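Biologist: Please take a close look at one part of this model, the nonpolar patch on the surface, and then at the cysteines. I would like one connected account.

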Amino acid sequence: MRALETSDRELVALMTEAMRLAGAYWTSLDERPSYPSTSGAETARLFDRPWMDEGRGGDVLNDFRAMAEHVRPCTGRFFGYVAGSGEPVGAVGDFLASVLNQNSTSWRSAPAAVTIERAVVGWLADAIGCDGFAGQLCGGGSMANLMALAIARETLSPANEDGARPGVVYASEHVHMSVPKAVALLGLGRSNLRLVPADADFRLRIDALEAAIDSDRRLGKMPLAIVANGGTVATGAVDPLRELADIAAAEGLWLHVDGAFGVPAAMAAPEKFAGLNRANSISLDAHKWLYQPIDCSCLLYRDRDAARKTFSHSGDYVRIFNEDPSETFAFFEESIELTRRFRALKLWMSLQYHGRKAYREAISRDLQHAQRLADAIQALPDLELLAPVPLSAVCFRHRTGDNEAILQRVIARGRVYLSNATIKGDFALRACFVNHRTRPEDVDEIVSEVMAAADEV
């Protein structure tokens, strides 16, 4: 056989074993610790090896078990960060997308893949109350936020031809770290990012925003955009979207909602996101609260022409001659990316397999789990809730214990995994529920594990 060819028999055997390993992994999740007991030295010993001249063939799958022992498992007891739980039908879709190996850059390059992505984007927009928005899938919220602010810049202060001018971007002091990065990369300058104070509920203060805009105008600066939080990373706070939309409209500013974490919850609790449909652009991560395998984010925008004005710059090698509107469509005309993975297939399969109602119910369960934990914390005198719980992130601490040591001990015990946050200067234990596998008894175990860890440190 020629180099890199694999016989049909070998492929069937390889895929049969891969599917068996996947099934065994998924069915073993309940028995796995919430976090692996490993080290940098141990993982290097196992996996950092020379690339040999001769291939190993099907033996490469023998390493999967070791990998599974040294990765963060997607159990129902993982509550760290904002990490989705890897819904298995989506994983099957991801595999099939790799089999098809499509570059979903334009209809001409990948007719089915592009059509499916446009359909999925429409489903997501409609599901969060933003029917009619256009958009695209991308790797993560950081990329979505960068592209959104690029569109804002090119719409209000065109820079593609002559370079960027300073323009002021306003965001809560609790804005995600991707926004300062985006402001820097776009040439606006981080000194032109105004971090606006938040209120007691960690929501951007409208009075402080109005004062900041007025001050900048008086100084001759150019206000450009507002970035609203649709669920902050630490506490899940949702900024007052309706009021921010009013200010953006009155001041002629772009309103972007960074909803990478929280916006999918608009499917189950739309009242928490009143005014979302008035945004100019919205980011949301399907690999967070739609439980999809990494990576799969979505950028939605009201005006497709604005995206095309920002990103359309094509060479002759991608010229499209067809005149049919659907067949001339090209994502590369409204995206940073030219080569684009077929991310949409896992969503298309998973969302249809389970149905919209199942996703609403799963998100509702996560919201209920967060309230269940908050209630349990408030019922114990040794524990203290450090922030409101508007969505599914719960920040708390032990009143008298060393919370950093408690967190380390909780992780070492291996029953639940929590992360941390800083809340008004205090070290906080943090549990985030974006996990379709979590059960009420898993939630209850958080408190019992924290109390047990406190007794041991």
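Modeller: What follows covers the patch and then the cysteines. The model is predicted, and the values below are computed from it.

The nonpolar patch on the surface is formed by Met19, Trp26, Val92, Phe95, Leu96 and Val99. Together these residues have about 490 Å² of accessible area. Two elements, α1 (8-27) and α4 (88-100), each give two or more residues to the patch. The largest share comes from α4, with four residues.

Phe95 is one of the residues in the patch, and Phe95 lies in helix α4. Its relative accessibility is 32%. Residues in a patch need over 30% relative accessible area, and exposed means over 50%, while buried means under 20%. Phe95 therefore counts as partly exposed, at 32%.

Now the cysteines. The count of disulfides comes to zero. The sulfur of Cys138 has its closest cysteine sulfur in Cys298, at 7.3 Å. A disulfide needs the two sulfur atoms within 2.5 Å, so 7.3 Å is too far for a bond between Cys138 and Cys298. Seen from the other side, Cys298 is in no disulfide, and the nearest cysteine sulfur to it is that of Cys138.

Are these two cysteines buried or exposed? Cys138 has 0% relative accessibility, so Cys138 counts as buried. Cys298 has a relative accessible area of 1%, so Cys298 is buried too. Phe95, by contrast, is partly exposed.

Note on methods:
Residues are numbered from 1 along each chain as its sequence is written. This is a predicted model: local features need pLDDT of at least 70, side-chain atom pairs count only at pLDDT 80 or more; totals for chains, interfaces and linings use all residues. Side-chain values use heavy atoms; hydrogens and water are left out. Patches are made of residues with over 30% relative accessible area and no salt bridge: like charges are joined within 9 Å, nonpolar side chains (Val, Leu, Ile, Met, Phe, Trp, Tyr) within 5 Å. Accessible areas come from the Shrake-Rupley method with a 1.4 Å probe; for residues, only the protein chains shown count as cover. A salt bridge is a side-chain nitrogen of Lys or Arg within 4 Å of a carboxyl oxygen of Asp or Glu. Buried means under 20% relative accessible area, exposed over 50%, partly exposed in between (1.4 Å probe, protein chains only).
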